[in-house]
Amino acid sequence: MKVIETDIAGVKIIEPDIFRDARGYFCETYNAERYRAAGITAEFIQDNESCSSRGVLRGLHWQAGAHCQAKLVRVIRGAVWDVVVDIRKGSPTFGKSVSCELTAENGRQFFIPRGFAHGFVVLEDNTLFSYKCDNLYCPASERGLKYDDPALGIVYPNPGRAFLLSEKDLKHPSLADIEPWEA
């Protein structure tokens, strides 16, 4: 596998080795030993999956306090533009974002450490998205950040239709109004 370091320390793009032939393909999507060697020491205890239509925007989300989560995400079918934002209190990259395209074809994964808001815009209909999390979900600890806050400077690709967001995601505060994440 290839590990790509990003402009924000700890956020990594993983390109697994994919072996393709006339039958299809095979790849190892997770191996604790290899990921530890790449600096990813999170112990994943919960897997989640979502299926979305083109134009859906999910995020930007994180879990606060004792329920914070590191995530390893990937696309099983379709494509997304995935975004993470540093919300760590006192971080030199606070408010900065990193984005990458995750597709079933490229097989890329995005590792998101604790202390980051995460979201994605869906680029193809019927996209299946998978999350590995190192902590259990707790609704009372869920937090959000306004996806289009100008202070973030995130440029989302055009999926060919207007973004579709949940009511909850439409009401998230701006970066200036959130309580930064603390370890």
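**Figure 1. Strands 3 and 4 make a hairpin in this predicted model.** Strand 3 covers residues 18-21 and strand 4 covers residues 24-27, and the two pair in the antiparallel sense over four bridges. Just two residues sit between the two strands of this hairpin. If you want a pair to anchor the view, pick Ile18, which stands opposite Cys27 in strand 4.

**Figure 2. Six strands line up in an open sheet.** Read across the sheet, the order is 1-2-10-7-12-5, and the pairing is antiparallel. Which strands stand at the edges? Those are strand 1 (2-5) and strand 5 (46-52); each has a single partner strand, so one side of each is left without a neighbour in the sheet. From one strand to the next, the twist averages 25°. Strands of a sheet pair through backbone hydrogen bonds, either parallel or antiparallel.

**Figure 3. Strand 1 meets strand 2 at one end of that sheet order.** Strand 2 takes in residues 12-15, and its antiparallel pairing with strand 1 runs over four bridges. Here Ile4 stands opposite Ile13 in strand 2. In a regular strand the side chains alternate between the two faces of the sheet.

**Figure 4. Phe110 is buried in the model.** You'll find Phe110 in strand 10, which spans residues 109-112. How accessible is Phe110? Its relative accessibility is 0%, and the cut-off for buried is under 20%, so Phe110 counts as buried. Skip the neighbours within four places in sequence, and Phe110 is in contact with Val11, Lys12 and Ile13, with Lys71, Leu72 and Val73, with Asp82, Val83 and Val84, and with Val98, Cys100 and Leu102. For a residue that lies elsewhere, try Glu179: Phe110 and Glu179 are 69 residues apart in sequence and 24 Å apart in space, C-alpha to C-alpha.

**Figure 5. Glu5 and Lys12 share a salt bridge.** The side chains come together at 2.8 Å, N to O. Is Lys12 buried or exposed? With a relative accessible area of 8%, set against a cut-off of under 20%, Lys12 is buried. Lys12 also turns up among the contacts of Phe110 in the previous view. Side chains of opposite charge can pair when their charged atoms come close.

**Figure 6. Asp125 and Arg161 bridge distant parts of the chain.** Their side chains meet in a salt bridge at 3.7 Å, N to O. Asp125 sits in the loop between strand 11 (116-122) and strand 12 (127-133), while Arg161 sits in the loop between strand 13 (142-144) and helix 2 (167-170), 36 residues apart. Asp125 counts as partly exposed, at 42% relative accessibility. Arg161 is partly exposed too, at 37%.

**Figure 7. Lys146 and Asp148 form another salt bridge.** The closest N and O atoms of this pair are 3.4 Å apart. Asp148 has 38% relative accessibility and counts as partly exposed. Lys146, with a relative accessible area of 31%, is partly exposed as well. How many salt bridges are there in total? The count comes to 12.

**Figure 8. Five strands build an open sheet with antiparallel pairing.** The order here is 9-8-11-6-13. Strand 9 (97-103) and strand 13 are the edge strands, and each pairs on one side only. The twist averages 30° from one strand to the next. Go to the strand 13 edge and you'll see strand 6 (residues 57-63) running antiparallel to strand 13, joined by three bridges. Gln63 stands opposite Glu142 in strand 13.

**Figure 9. Zooming out gives the whole chain, with two helices and 13 strands.** The C-alpha atoms fill a box of roughly 50 × 40 × 30 Å along the principal axes. Why does the chain agree with a compact globule? With 183 residues, such a globule would have a radius of gyration near 16 Å, and the protein chain has 16 Å. Buried residues make up 48% of the 183 residues. Among contacts between residues at least 6 apart in sequence, 79% join residues at least 24 apart. The accessible surface comes to about 9500 Å², and 50% of that belongs to carbon and sulfur atoms.

Key. Residues are numbered from 1 along each chain as its sequence is written. This is a predicted model: local features need pLDDT of at least 70, side-chain atom pairs count only at pLDDT 80 or more; totals for chains, interfaces and linings use all residues. Side-chain values use heavy atoms; hydrogens and water are left out. A salt bridge is a side-chain nitrogen of Lys or Arg within 4 Å of a carboxyl oxygen of Asp or Glu. Buried means under 20% relative accessible area, exposed over 50%, partly exposed in between (1.4 Å probe, protein chains only). Two strands pair if DSSP finds at least two bridges between them. The radius of gyration is taken over C-alpha atoms; the globule rule is 2.2 Å times the number of residues to the power 0.38. Contact means heavy atoms within 4.5 Å. Accessible areas come from the Shrake-Rupley method with a 1.4 Å probe; for residues, only the protein chains shown count as cover. Axes are lines fitted to C-alpha atoms, for helices over the stretch in contact, and angles run from 0 to 180 degrees between N-to-C directions.
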